[in-house]
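Trainee: I'd like to learn how to read empty space and charge pairs in a model. Could you walk me through them?

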Amino acid sequence: MDLTPLDIRYQEFPTGLRGYQREAVRAYLARVAEVMEGLIQENEGLKEKLKALEEENARLKEAEGELKRAVVAAERIARELKAQAEREAELIRKEALAAKDQVLREAAEELRRLKGEVERVKQEKTLFVAQLKALLQGYLDSLKHLEEGS
């Protein structure tokens, strides 16, 4: 049985020989109806507040879920970037080692070439000196021969 404040306010009671005082009963029922009206209004307000809080809670849970997904995505991206940076660093290191090896090979080849050039120049010098000595010796022999013939 649902009672409203109006039901309480206008409730009729049978009376007997020594029945209730109508005015006292009416006053009491009016106070009960007022208290009940206040409770009903408070209950409605609390229901609305609860509904608003539940909606806010749902919104916050959704935002929390989105935030968690964003954090997971950010962590994944960070791991991928780190792995990519490590791969690039390793590639740069290998390229630097290969370039170093190439420079060393080229330097060794240039050193061999220069040593060969130095050796060739030494041989040419030795040959030139020997030819010059022979030429000078020939001139000396000619001079000696001319002096003896005079």
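What follows is a chat about cavities and salt bridges.

Mentor: Before we start, keep in mind that this is a predicted model. Pick a feature.

Trainee: Let's take empty space. How many cavities of 30 Å³ or more does the structure hold?

Mentor: The general idea: rolling a probe the size of a water molecule over the atoms shows where empty space is left. Here, the structure holds one cavity of 30 Å³ or more. Its volume comes out at about 100 Å³.

Trainee: Which residues line the largest cavity?

Mentor: The lining is made up of Gln 11, Glu 12, Phe 13, Thr 15, Tyr 20, Gln 21, Arg 22, Val 25 and Arg 26.

Trainee: What does that lining look like by class?

Mentor: An even split, as it happens: three nonpolar, three polar and three charged residues.

Trainee: OK, on to charges. How many salt bridges does the structure hold?

Mentor: Side chains of opposite charge can pair when their charged atoms come close. In this structure there are 10 salt bridges. Let's go through a few.

Trainee: What is the distance between the closest N and O atoms of Glu 44 and Lys 47?

Mentor: For that pair it's 3.9 Å, and a salt bridge needs the nitrogen within 4 Å of the carboxyl oxygen, so the pair counts. Both residues sit in helix α2, which covers residues 22-148, and they are three residues apart, about one turn of the helix.

Trainee: Are Glu 44 and Lys 47 buried, partly exposed or exposed?

Mentor: Glu 44 has a relative accessible area of 39%, so it is partly exposed. Lys 47 is partly exposed too, at 47%.

Trainee: Which residue does Glu 110 meet in a salt bridge?

Mentor: Arg 113, with 2.5 Å from N to O. Glu 110 and Arg 113 are three residues apart in helix α2, so about one helical turn separates them. Glu 110 is partly exposed at 33% relative accessible area, and Arg 113 is partly exposed at 44%.

Trainee: And where do Glu 117 and Arg 120 lie?

Mentor: In helix α2 again, three residues apart, about one turn of the helix. Their side chains meet in a salt bridge at 2.3 Å, N to O. By accessibility, Glu 117 is partly exposed at 33%, and Arg 120 is partly exposed at 35%.

Trainee: Which residues are joined into one network with them?

Mentor: Glu 124 comes in here: salt bridges that share partners join Glu 117, Arg 120 and Glu 124 into one network.

How values were computed:
Residues are numbered from 1 along each chain as its sequence is written. This is a predicted model: local features need pLDDT of at least 70, side-chain atom pairs count only at pLDDT 80 or more; totals for chains, interfaces and linings use all residues. Side-chain values use heavy atoms; hydrogens and water are left out. On a 1 Å grid over the protein atoms alone, a cavity is a set of points where a 1.4 Å probe fits but cannot get out, and a pocket is an open set with protein on both sides within 12 Å along at least five of seven lines; lining residues have an atom within 4 Å of a point. Grid points are joined across faces, edges and corners, and a volume is the space filled by probe spheres set on the points. Ala, Val, Leu, Ile, Met, Phe, Trp, Tyr, Cys and Pro count as nonpolar, Asp, Glu, Lys and Arg as charged, and the others, Gly among them, as polar. Helices (H or I, at least four residues) and strands (E, at least two) are DSSP runs, numbered from the N terminus. Buried means under 20% relative accessible area, exposed over 50%, partly exposed in between (1.4 Å probe, protein chains only).
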